[in-house]
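Here are my notes after going through the model you sent. I've kept them to the disulfides, one strand and one helix.

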Amino acid sequence: MCALVEVHMGWAARGVVTAIGGVVLMLAACAADDTSGGGADAITVRGCNPENTLVPSMTMESCGGQVVDQLFSRLVRYDPDTAEPRYEIAESIESDDNQTWTIEIAEGWTFHNGEPITAQSFVDAWNWAAYAPNGTPNSYFFRGIEGYQDLQPADDAEPSGQITADMVSSEEMSGLNIVDELTFTVTLSQPEPSFPKRVGYVAFAPLPEEFYEDPEEFGENPIGSGPFEFIEWVRNSEIKLRGYDEYQGETMPQIDEVTFKIYQDEGAAYSDLQADNLDLVPQLPISALAGDAYRDDLPGRYVEKEALVVSTISFAPESVDDSFADPRLRTAISMAIDREAITETIFHGSREPATGWVAPGVEGYEPGVCGDYCMYDPEHARELFDEAGGYDGTLTLSYNSDGDNKSWIDAVCNSIMNTLDVECVGTPVSDFSTFRSQINDREMTGMFRNQWQADYPSIESFLAEVYVTGASGNDSDYSNPDFDELIEDAGSSQGDDAIAKYNEAEELLVEDMPSVPLWYSSTIAGYSTKVDNVKITPFQTVDLLSVVIK
């Protein structure tokens, strides 16, 4: 989900704003005389390099996520104002027991090549995504469906490299069954009341038959079903889409063409925005926030919105770097960071110091979960640091250099150095795609910046997708059986009972400190004089279906 982001950068997880992390897809637009070939109804969108090809189940970070969200429709689409799910392709999603769900698809939906969208389109796509040999980052999202484990290696297989067909026992989940052309059922391994909310995430998008002929080639030239269709992808430069005239959703695109333009420098993008050469920047650079400069630079042309995003520091898995195996060391680092000072001096109040691993804005959010361990306390930090045996060598904090990260990375390292009397340096990685690849390939050592952008509006997205053993956004390979059990119990519970279990699970993270919560994000977006009706979603993205040309 971006997680991310900035993971997701998932993350945003998408989550990996994952990357879901610190890089959030930004928008920019071309003026009427833009040399990219767009006309008066064409805008450009400030983007970044996707980690993988543009296949929904291969995309769990914000750079690719902003694009596939426009290309692919799902059963539900989240309201741009409230994030609440509402039917898109689905006619109905119903269950008597929260375990077996009957999904009816609305008539008339097609892919961009004219192929009808059927129940088979969903069942085949979900099976392909869940099938471990295909290596999809989003496979984990299908874990709740009966038969998912048959598509994964046996627990004792422990594959060290590529997962092959002989390591799994099936290519199809037994919990997916087609009733008729427009109806299928989903049987879960246990009741999950939140299931209908989850299927709005892009990993659950249907795919056309052409996809299976050559998935890699398809990802370079995708055929979707969303409000915009693919035109071209010029690597490291731009991704161009156009409005799909046959889109069956309730809101048609009001712009003809969108170009996600890839910048390597935040300042250059902002300068272009001020000059009216870019139309949309959904997260303004830090430099524009100082003294609220953006209010004068963009009079009446900015949007401020709370986001379902939490930024953290992650640690390399112990299998890669065991320097941070002692939770007291991780906690000492957390207490050595002056969040209040950094959010005020670097982010100019546009961030709020985090007090836990779940962002405000979702049901079940509890302030102050992390307690003193997320408070700046130099004396206690040094005590824990000494108890853990200190740290030999230099602490490294990695980040992608094509995002607006260096200033706060340096500030965090300075706070750690001044408190713990240990060297700390920021380590830049060329771009977000390379940064996320190093994390996913378990090549990253030391500490690294992370950001989780909720994939769907639920406390579950912040906890289950990031800290359950083997979860897609679990970049540090954290594992706690008690935590896993609570998350599983919460998923099968309803209302206050479910929330109580999620809260209890989050409390377990306090003693383990698998990552260091830093701050919650607010989105401050800017736009040109050419566009109007700009909306920022709770997922820190621009709702392109709302944008109009003046």
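**Notes on the model**

1. Let's start in the sheet: strand β5 (residues 100–105) runs antiparallel to β7, and 5 bridges link the pair. Within that pairing, Thr100 sits opposite Thr187 of β7. Strands here are DSSP runs of E with at least two residues, helices are runs of H or I with at least four, and both are numbered from the N terminus; two strands pair if DSSP finds at least two bridges between them.

2. Before going further, a word on the source: this is a predicted model, with local features needing pLDDT of at least 70 and side-chain atom pairs counted only at pLDDT 80 or more, while totals for chains, interfaces and linings use all residues. Numbering runs from 1 along each chain as its sequence is written, and side-chain values use heavy atoms, leaving out hydrogens and water.

3. β7 (residues 183–187) has a neighbour in β6 (residues 176–180) too: the two are antiparallel, joined by 4 bridges, and a hairpin connects them through 2 residues. Ile178 has Phe184 as its bridge partner in β7.

4. Why call β7 largely enclosed by the rest of the structure? Because 5 of its 5 residues are buried, meaning under 20% relative accessible area (over 50% is exposed, in between is partly exposed; 1.4 Å probe, protein chains only). Thr183, Thr185 and Thr187 point one way, Phe184 and Val186 the other.

5. On to the disulfides, each a pair of cysteine sulfur atoms within 2.5 Å. The count is 3, and the pattern is 1-2, 3-4, 5-6 when bonded cysteines are counted along the chain.

6. Cys48 and Cys63 have their sulfurs 1.9 Å apart. The S-S torsion is about -105°, so this link is left-handed. Cys48 is in the loop between β1 (42–47) and α1 (62–71) and Cys63 is in helix α1, so the bond ties together parts 15 residues apart in sequence.

7. Cys370 and Cys374 are bonded at 2.1 Å, S to S. Here the torsion is about 75°, so the disulfide is right-handed. Both cysteines are buried.

8. Cys413 and Cys424 also form a disulfide, with sulfurs 2.1 Å apart. Cys413 belongs to helix α11 and Cys424 to strand β15 (residues 424–429), so the pair ties together parts 11 residues apart in sequence. Relative accessible area is 2% for Cys413 and 4% for Cys424.

9. As for α11 (residues 406–420), its buried residues include Trp408, Ile409 and Cys413. Just after this helix comes Asp421, with a positive phi near 55°.
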